[in-house]
Amino acid sequence: MVKCQKIKETLSVMVNASLDVDDFDTNQEGNIEISQEGFQKMCVLLLKRVKNTLNAALHNSNFNANKINKVLHVGGGSRMPMIKELLRNMFPEAEHCIEEHPDEVVAIGAAYYAYSLPSDS
């Protein structure tokens, strides 16, 4: 999983990445090459699920995508060009705020949320 995570991160900033096969099977040798375009093709169904989830959230909240004026890109997935493109296409009128450390923003948000929860004591 760590090696696959590294490939995903590499493909967020480079056009190609490779995986050494013998890292997973010592009986085989060679590299598996993957391109950013190939990775995007593998993720088509996942991107559809993300888009459907966003559309459902907009529908349930009675918001129109054109009325959203700011989109905060957080979490590791927000580094991926295909996620950035999806969000820009869905919210073309919005300001897109892309943090340098999107994982930290998630942690900060979780801390604020935890602080706001009522305590049992």
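Me: Let's start with Ser61. Is Ser61 buried, partly exposed or exposed?
Reply: This is a predicted model, and in it Ser61 has a relative accessibility of 34%. Buried would need under 20% and exposed over 50%. With 34%, Ser61 therefore counts as partly exposed.

Me: Which helix does Ser61 lie in, and how far is Ser61 from Ala17 in space?
Reply: Ser61 belongs to helix 3. Along the sequence, Ser61 and Ala17 are 44 residues apart. Going from C-alpha to C-alpha, the distance in space is 40 Å.

Me: How many ångströms does helix 3 reach from its first C-alpha to its last?
Reply: Helix 3 has 18 residues. At 1.5 Å a residue, the expected span is 26 Å. The model comes close to that, with a reach of 26 Å.

Me: Which residue follows helix 3, and what is its phi?
Reply: Most residues other than glycine have a negative phi. The residue after helix 3 has a positive one, although it is not a glycine. It sits in the loop between helix 3 and strand 3. The residue is Asn62, with a phi near 60°.

Me: Is Asn62 buried or exposed?
Reply: The cut-off for exposed is over 50% relative accessible area. Asn62 reaches 72%, so Asn62 counts as exposed.

Me: What separates Glu37 and Lys41 along helix 2, and how far apart are their N and O atoms in the salt bridge?
Reply: Side chains of opposite charge can pair when their charged atoms come close. Glu37 and Lys41 are 4 residues apart in helix 2, which means about one helical turn separates them. Both Glu37 and Lys41 are exposed. Their side chains meet in a salt bridge with an N to O distance of 3.6 Å.

Me: The structure holds 2 salt bridges; which residue does Arg79 pair with?
Reply: In the salt bridge of Arg79, the closest N and O atoms are 3.1 Å apart. This pair links distant parts of the chain, 24 residues apart: Arg79 is in the loop between strand 3 and helix 4, and its partner is in helix 5. Arg79 is partly exposed at 33%, and the partner is partly exposed at 40%. That partner is Asp103.

Me: Within what arc do the buried residues of helix 4 fall?
Reply: Helix 4 covers residues 81-90, and its buried residues are Met82, Ile83, Leu86, Leu87 and Met90. Seen down the helix axis, they line one face, because they fall within an arc of 135°.

Me: What covers those buried residues of helix 4?
Reply: The cover includes both helices and strands. Among the helices are helix 2 (36-42) and helix 3 (44-61). The strands among the cover are strand 3 (70-73) and strand 4 (95-98).

Me: Where is Met14 found, and how far is its C-alpha from that of Gln36?
Reply: Met14 is in the loop between helix 1 (2-11) and strand 1 (16-20). Its relative accessibility is 47%, so Met14 counts as partly exposed. Gln36 is 22 residues away along the chain. The C-alpha atoms of Met14 and Gln36 are separated by 7.4 Å.

Me: Which residues make the nonpolar surface patch?
Reply: One of the members is in helix 5 (residues 102-116), namely Val106. Val106 has a relative accessible area of 41%, so it is partly exposed. The patch has an area of about 220 Å². Its makers are Leu72, Val74 and Val106.

Conventions. Residues are numbered from 1 along each chain as its sequence is written. This is a predicted model: local features need pLDDT of at least 70, side-chain atom pairs count only at pLDDT 80 or more; totals for chains, interfaces and linings use all residues. Side-chain values use heavy atoms; hydrogens and water are left out. Patches are made of residues with over 30% relative accessible area and no salt bridge: like charges are joined within 9 Å, nonpolar side chains (Val, Leu, Ile, Met, Phe, Trp, Tyr) within 5 Å. Accessible areas come from the Shrake-Rupley method with a 1.4 Å probe; for residues, only the protein chains shown count as cover. A salt bridge is a side-chain nitrogen of Lys or Arg within 4 Å of a carboxyl oxygen of Asp or Glu. Helices (H or I, at least four residues) and strands (E, at least two) are DSSP runs, numbered from the N terminus. Buried means under 20% relative accessible area, exposed over 50%, partly exposed in between (1.4 Å probe, protein chains only). The arc is that of the directions from the helix axis to the C-beta atoms. Contact means heavy atoms within 4.5 Å. The expected span of a helix is 1.5 Å times one less than its number of residues.
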